[in-house]
Amino acid sequence: MSKVVVMDHPLIQHKITKIRDKRTGAKEFRELVNEIAMLMTYEATRDLQLEEIEIETPVAKTKAMILTGKKLGIVPILRAGLGMVDGILELIPVAKVGHIGLYRDPETLLPVEYYCKLPNDISEREILLVDPMLATGGSAVAAINFLKEKGAKKIRFLCLIASKKGVETLSAACPDVDIYAGVVDEVLNDHAYILPGLGDAGDRLFGTK
């Protein structure tokens, strides 16, 4: 089964409370989503491989550690996932960014793919798949399947708020994908929105209705 990491850092929990609040406007919401994504990336990349090299400081030679192994890729699920990309790039500016466009059919609640553009060397990269919300889990599972079809081998999923059902669905369907969530809420409403959640993340990011 997937490793599920729920972030308990005080800064992350504080900022999630702010983005839940309906009084938080689009500008502040975007800034907070970026900040949370950056903080979550510290934990999600904790097990990246390192190697020892020799460098020379201004005063002496020394052994030091640098990243080794596969490079990273960031793939947001459009459109709301775009809100998390800049925060991650602040930490990993050399990461390549792909995009997967999915929408949820309002009748069936199943994901429908409308766009997919990924780095050519996706098979050589560890992928951070990002979406602010993990509701039913259907879109995340579909996106992971698209990534695997294109050659991705190592995928981690990052979201700000997940539902218990979404975590269970994703973990069961993709046991090789670790899940990193800011918080896990218990239930979904009849429209498959997370409760208490934060509403529609895309609308709140971009000021649309």
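**Stop 1: H1 against H2**

Select Leu-11, Ile-12, Lys-15, Ile-16, Lys-18 and Ile-19 in H1 of this predicted model. Add Glu-28, Phe-29, Leu-32, Val-33, Glu-35, Ile-36, Leu-39 and Met-40 in H2, which these H1 residues meet. Now colour by residue class. The contact of H1 with H2 has 10 nonpolar and 4 charged residues, and no polar ones.

Show both helices as ribbons. H1 spans residues 10-20, and H2 spans residues 26-44. The axes of H1 and H2 come within 10 Å and cross at roughly 155°. That angle makes H1 roughly antiparallel to H2, because angles over 145 degrees fall in that class. The crossing of H1 with H2 is left-handed.

**Stop 2: Leu-39**

Stay on helix H2 and pick Leu-39. Is Leu-39 buried, exposed or partly exposed? Its relative accessible area is 22%, so Leu-39 counts as partly exposed. The cut-off for buried is under 20%.

Show what surrounds the side chain. Beyond the neighbours within four places in sequence, Leu-39 is in contact with Leu-11, Ile-12 and Lys-15. Those three also appear among the H1 residues that meet H2.

For a sense of scale, draw a distance from Leu-39 to Asp-203. The two are 164 residues apart along the chain, and their C-alpha atoms are separated by 23 Å.

**Stop 3: H2 against H3**

Move to H3, residues 82-91. How do the axes of H2 and H3 cross? They come within 7 Å, at roughly 50°. This makes H2 oblique to H3. The crossing is right-handed.

To see the contact, select Val-33, Asn-34, Ala-37, Met-38, Thr-41 and Tyr-42 on H2. On H3, select Gly-83, Met-84, Asp-86, Gly-87, Ile-88, Glu-90 and Leu-91. By class, the contact of H2 with H3 divides into 7 nonpolar, 4 polar and 2 charged residues. Val-33 of H2 is listed in this contact and also in the contact with H1.

**Stop 4: the buried residues of H3**

Keep H3 on screen. Highlight Gly-83, Met-84, Val-85, Gly-87 and Ile-88, which are buried. Then bring in their packing partners. The buried residues of H3 pack against two helices, H2 and H6 (201-206). They also pack against strands E4 (71-78), E5 (96-97), E8 and E10 (154-163).

Zoom in on Val-85 in H3. Its relative accessibility is 6%, so Val-85 counts as buried. Leaving aside neighbours within four places in sequence, Val-85 is in contact with Ile-74, Pro-76 and Val-97. Next, draw a line from Val-85 to Leu-32. They are 53 residues apart in sequence, and 12 Å apart from C-alpha to C-alpha.

**Stop 5: Asp-131**

Go to the loop between strand E8 (125-130) and strand E9 (133-134), and select Asp-131. Is Asp-131 buried or exposed? At 11% relative accessibility, Asp-131 counts as buried.

Which residues does Asp-131 touch, not counting those up to four places away in sequence? One set is Ile-77, Ala-80, Gly-81 and Met-84. The others are Phe-157, Leu-158, Cys-159 and Leu-160. Met-84 is a residue from the previous stop, buried in H3.

**Stop 6: the annotated domain**

Zoom out and select residues 6-208. An unreviewed UniProt entry places the feature "domain: Phosphoribosyltransferase" there. Over residues 6-208 the chain is 33% helix and 33% strand. Mark the two ends to finish: their C-alpha atoms are 29 Å apart.

Note on methods
Residues numbered from 1 in each chain as written. Predicted model: local features only at pLDDT ≥ 70, side-chain atom pairs only at ≥ 80, totals over all residues. Heavy atoms only, no water. Axes fitted to C-alpha atoms, helices over the stretch in contact; angles between N-to-C directions. Helix = DSSP H or I, 4+ residues; strand = E, 2+ residues; numbered from the N terminus. Parallel < 35°, antiparallel > 145°, perpendicular 65-115°, else oblique. Left-handed = near helix turned anticlockwise from the far one by under 90°. Contact = heavy atoms within 4.5 Å. Nonpolar A, V, L, I, M, F, W, Y, C, P; charged D, E, K, R; others polar. Buried < 20%, exposed > 50% of the residue type's maximum accessible area, 1.4 Å probe, protein only. UniProt positions renumbered as here; feature names shortened; annotations may be inferred.
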